[in-house]
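Thanks for making the time this morning. I would like to walk you through one model, and I will try to keep to what can be read from its atoms.

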Amino acid sequence: MSIYPKLFIPGPTHVPDNIMKILSTPQIGHRTEEISELIESIIIDIKDVLYTTNNIYLVSHAATGLWEMGLKNSVQKGVLHCVNGAFSSKWMKVSESCGYNYNVIDYDWGKGIKADDIDKMLSTGKYDVLAMVHNETSTGVMSNLKEISDLMHSKYPDVLWLVDAVSSMAGIKIEVDKLGIDFILSSTQKAWGLPAGFSICAVSSKMLNRSKIIKNKGYFLDLEIYEKYFSKFQTPSTPSIPHLFALREILNIIKKEGLDNRWKRHRDMRNHVRDWAINKGQNLFSEEGCQSHTITCIENIQNWDISKIYNQLLEKGYRMDRGYGNLKGKAFRIPHMGNIYMSDLQDYLNQLEGVINV
Ligand code: PLP
């Protein structure tokens, strides 16, 4: 058993020893043929996971930096943010701090984003970018991308669509090209099942063309610089090479599992937790029809003593989530993604069940 508790928080998620070992593969040069081969093979397989032919960039920092990358390479007129939880709200704050013209569609926490609300705001013609979080990690809400895609295709083909898929990418089927997402981003510590500090994005040619006409983007987050290096299967600056090796391994695991089986595993785990929670007399925090496949947020209407449960689970070797921010104690989350399989989840629920009434 590890000296640290097994993680049942919604990121970083559990990374088993066999994958952790891959992170200690010897270093290779970042301007060599072997790294180009490694990066090329990773990109080919990520394209399959995202059902896309768009450019894939591998980025050696947290996803928060990709919020800024998305905005810096797209916003000219203004950006519309859909805010329905903590992370979408933080992304909006990036626009504020960059001084962009922005506006917000504000939802109660627990609600999904609706295409009709977006339509009303985009119809003003004031925005050339839409930014949203697919899977709000703070609330376990997964919004309906298909509905929004239909709207963007039919009425707003010139508006660039940026999607944060930090806690859904590699756990939930997202058909990037069919949906027409211009910029989709994730970091590796959620459904990819790797340590944090590394990110992935897929970028459309429409977005790259927009980036080309934007001035003063800075250097570090400029997509044109990324493109220049990625055409040689390299990165603009020295990458986290351990993450590259580990990502290669995860992609092998995904291939072996099969994409459809992977999506089904996450859906099945969602159904299992949902049934378990309802059976225990609890409510789900997220709106019906928007319940994430990777995280279930449980409204604690039974008034379980979450702090006590947390401490008891810790003694048993599990790190529980107690709820995000103001929701702490009132709604807690059970993550079920990445390297968590049904048997891990069942073990965890059994342990949880054992301490509820102790
Ligand atoms: N977006 C969402 C939906 C998240 O859940 C998180 C982190 O939990 C982030 C963005 C930020 O990711 P990172 O910590 O990799 O910057």
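**Leu-7 and its surroundings**

If we leave aside the neighbours within four places in sequence, Leu-7 is in contact with Pro-12, Thr-13, His-14 and Arg-319. I should say at once that this is a predicted model, and everything that follows should be heard with that in mind. Leu-7 itself belongs to strand 1, which covers residues 6-8. Is it buried, exposed or partly exposed? Its relative accessibility is 23%, and because buried means under 20% and exposed over 50%, Leu-7 counts as partly exposed. As for Leu-194, which is 187 residues away from Leu-7 along the chain, the two C-alpha atoms are separated by 12 Å.

Let me turn to the ligand. Which residues come nearest to it? There are 13 residues around the ligand, and those that come nearest are Thr-64, Thr-137, Asp-164, Ser-187 and Lys-190. By character, the shell consists of six nonpolar, five polar and two charged residues. Looking at individual atom pairs, a polar side-chain atom of Thr-64 lies 2.5 Å from an oxygen atom of the ligand, while for Ala-63 a backbone N or O atom lies 2.9 Å from a ligand oxygen atom. On the nitrogen side, an N or O atom in the side chain of Asp-164 is 2.6 Å from a nitrogen atom of the ligand. Taken on its own, the ligand has 390 Å² of accessible area, and the protein covers 88% of that.

Next, the strands later in the chain. Strand 12, residues 295-299, is mostly covered, with four of its five residues buried. With strand 14, residues 331-335, strand 12 pairs in the antiparallel sense over five bridges, and within that pairing Thr-296 stands opposite Ile-334. Strand 11, residues 283-284, also runs antiparallel to strand 12, and two bridges join them; here Asn-283 has Glu-299 of strand 12 as its bridge partner.

Finally, helix 12, which spans residues 306-315, has as its buried residues Ile-306, Ile-309, Tyr-310, Gln-312 and Leu-313. What covers these buried residues? Strand 14, which we have just met, is part of the cover, and the list also includes strand 13, residues 318-320, and helix 13, residues 342-356. After helix 12 comes Gly-317, whose phi is positive, near 95°.

I will stop there and take questions.

Terms used: Residues are numbered from 1 along each chain as its sequence is written. This is a predicted model: local features need pLDDT of at least 70, side-chain atom pairs count only at pLDDT 80 or more; totals for chains, interfaces and linings use all residues. Side-chain values use heavy atoms; hydrogens and water are left out. Buried means under 20% relative accessible area, exposed over 50%, partly exposed in between (1.4 Å probe, protein chains only). Two strands pair if DSSP finds at least two bridges between them. A residue is near a molecule or strand if one of its heavy atoms lies within 4 Å of it. A polar contact is a pair of N or O atoms within 3.5 Å; within protein, one must be able to donate a hydrogen and the other to accept it, and residues adjacent in sequence count only if both atoms are side-chain atoms. Accessible areas come from the Shrake-Rupley method with a 1.4 Å probe; for residues, only the protein chains shown count as cover. Ala, Val, Leu, Ile, Met, Phe, Trp, Tyr, Cys and Pro count as nonpolar, Asp, Glu, Lys and Arg as charged, and the others, Gly among them, as polar. Contact means heavy atoms within 4.5 Å.
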